[in-house]
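Colleague: Please take me closely through one part of this model, with every cut-off stated where it is first needed, and then place that part within the rest of the chain.

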Amino acid sequence: MKKIFQVIGFISLTCFSFFMTEQTSLVVNSMDDIMISINDNKDGYKSIAKDAYIDEDTIIPGVCSKTVNVKKSYKNMKLNGYYNDKLYIYDYKKPKISLEDNINKYIIKGNPEKRFVSLIFVVEDNDDINGILNIINNYNAKVSFFVTKDYFKNNTEYVESIINQGHNIGIYTSDYTDSDIDLFEVIIKKIDKQKNIFCYNPDKNKDNLDICFSKGNYTIKPILISDTVPLLSVKENLESGNILSLKINSQLKKELSTMIIYIKSKGLKLTNLEDNVLE
C-alpha cells in the first residue's frame, strides 16, 4: 500500500512540475517582443468564412476562415529571431456550405474575394506547349493544362516537370476511361506540388461529371472558351475568380504576354486552379 501512495505521489509531483514549467514558459513568452507583436497584430490577419454559392448543378467555391495560430507562429518566428508577418502560421476552417461537400457540381469560377484568375489550356496530342510555358514562367504566373489520354501517357516526365513548376495538370475527360483516370491519379498525386485532380467538362456531360465525382475529383466548366481571338475574349470576360479556357495556337502565343500584363494591370493574380477554386 505504501508503494502505491509513493507512485501516486511521484505522478502528482511530475504532473505539477510539468504544469508549473508550462505556466512559467507562457509567462516568459508573453513578455517576449515577438509574442507581443504577434498578439498586437494577429487580429488584422483574421478572416471569416464565406459560404460557397450553389445554383442548381453549378458552384462558386467559398472561402475558409483564417486565424493566426499564435503558438506555432511564435515558434516559427523565434527560430528566425525576429517578428515577420510572412512567418505567420494559420488555422483554417471550411465554410458551412463548402465545395468539399459538393464536388458533384460544376465549378464555374473561383471566389471573387481572392482576386485570382485562371487560364486553362486543353492540350491535344500534337500540341507544343513549350512556347506557352516560357511566356508564363517569364511572368511568374501559374496556369492549368488539361491533357488528352495519349498526351499524358506519351509525356509523363514532361507533365511531372510542368507540375513541379507550379502549374496544374487536369483530365480532358472526353477520352479517359475509368482505368485511365486511376493511372492519372496515381502519377499526379505522387508529386508534392499538386494535391487534387480536376476534370474538364465545358459541355456539362453528366456521365463525365459522375465519373469524376465517384473518384473524389473536381469538375471544371469554364466561364469562357475562346479559339480565335484570345486577347479580346479575355478582356471582355475578365472578372475576379473567372476560369478562362484558351485554344493553343499561333494567335495565342502572339497575344499571351499582352494578356498577362493586362490581367495584372487589373490587380488580379494569374494562378492555377488549386489556388483559385479550392477553399
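Modeller: A residue is called buried when its relative accessible area is under 20%, exposed when it is over 50%, and partly exposed in between, with a 1.4 Å probe and protein chains only. The model is a predicted one, so local features need a pLDDT of at least 70 and side-chain atom pairs count only at pLDDT 80 or more, whereas totals for chains, interfaces and linings use all residues. Residues are numbered from 1 along each chain as its sequence is written, and side-chain values use heavy atoms, with hydrogens and water left out.

The part I would look at closely is the disulfide, a term that here means a pair of cysteine sulfur atoms within 2.5 Å. In general terms, such a link is a covalent bond between the sulfur atoms of two cysteines. By this rule there is one disulfide, and it is formed by C199 and C212, whose sulfur atoms are 1.9 Å apart. The link of C199 and C212 is left-handed, with -105° about the S-S bond. C199 lies in strand 9 (residues 198-200) and C212 in helix 8 (residues 206-214), so the pair ties together parts that are 13 residues apart in sequence. Helices (H or I, at least four residues) and strands (E, at least two) are DSSP runs, numbered from the N terminus.

Both ends of the link are shielded: C199 is buried with a relative accessible area of 0%, and C212 counts as buried at 1%. Another cysteine, C64, is also buried, with a relative accessible area of 14%.

Beside the link comes T219, which lies in strand 10 (residues 218-220) and is buried because its relative accessible area is 1%. Leaving aside residues up to four places away in sequence, T219 touches both C199 and C212, together with K105, Y106, I107, N201 and L209; contact means heavy atoms within 4.5 Å.

From here the nonpolar interior can be brought in, where a nonpolar core is a set of buried Ala, Val, Leu, Ile, Met, Phe, Trp, Tyr and Cys residues joined through side-chain atoms within 4.5 Å. The largest such core has 43 residues, and those with the most contacts inside it are L119, F121 and F145. Its largest share, five residues, comes from helix 10 (residues 250-265). A second, separate core has 16 residues, among them I59, V122, F198 and L273. Returning to the largest core, F121 touches I132, I136, V143, S144, F145, F146, L246, I248 and L252, again not counting residues up to four places away in sequence.

Helix 10 also packs against helix 9 (residues 230-237), and their axes come within 8 Å and cross at roughly 30°. Axes are lines fitted to C-alpha atoms, for helices over the stretch in contact, and angles run from 0 to 180 degrees between N-to-C directions. Helix 9 and helix 10 are therefore roughly parallel to each other, on a scale where angles under 35 degrees count as roughly parallel, over 145 as roughly antiparallel, 65 to 115 as roughly perpendicular and the rest as oblique. On the helix 9 side, P230, L231, V234 and K235 meet Q251, L252, E255, T258, M259, Y262 and I263 of helix 10. By class, this contact has seven nonpolar, two polar and two charged residues.

Two loop residues are less shielded. E56, in the loop between strand 1 (53-55) and strand 2 (58-60), has a phi near 55°, a positive value in a residue other than glycine, and E56 is exposed because its relative accessible area is 70%. N140, in the loop between helix 4 (130-138) and strand 7 (144-147), likewise has a positive phi of about 55° although it is not a glycine, and N140 counts as exposed at 66%.

As for the chain as a whole, there are eleven helices and 13 strands, and 43% of the 279 residues count as buried. Of the contacts in the chain with a separation of 6 or more, 72% are between residues 24 or more positions apart.

Technical notes:
Ala, Val, Leu, Ile, Met, Phe, Trp, Tyr, Cys and Pro count as nonpolar, Asp, Glu, Lys and Arg as charged, and the others, Gly among them, as polar.
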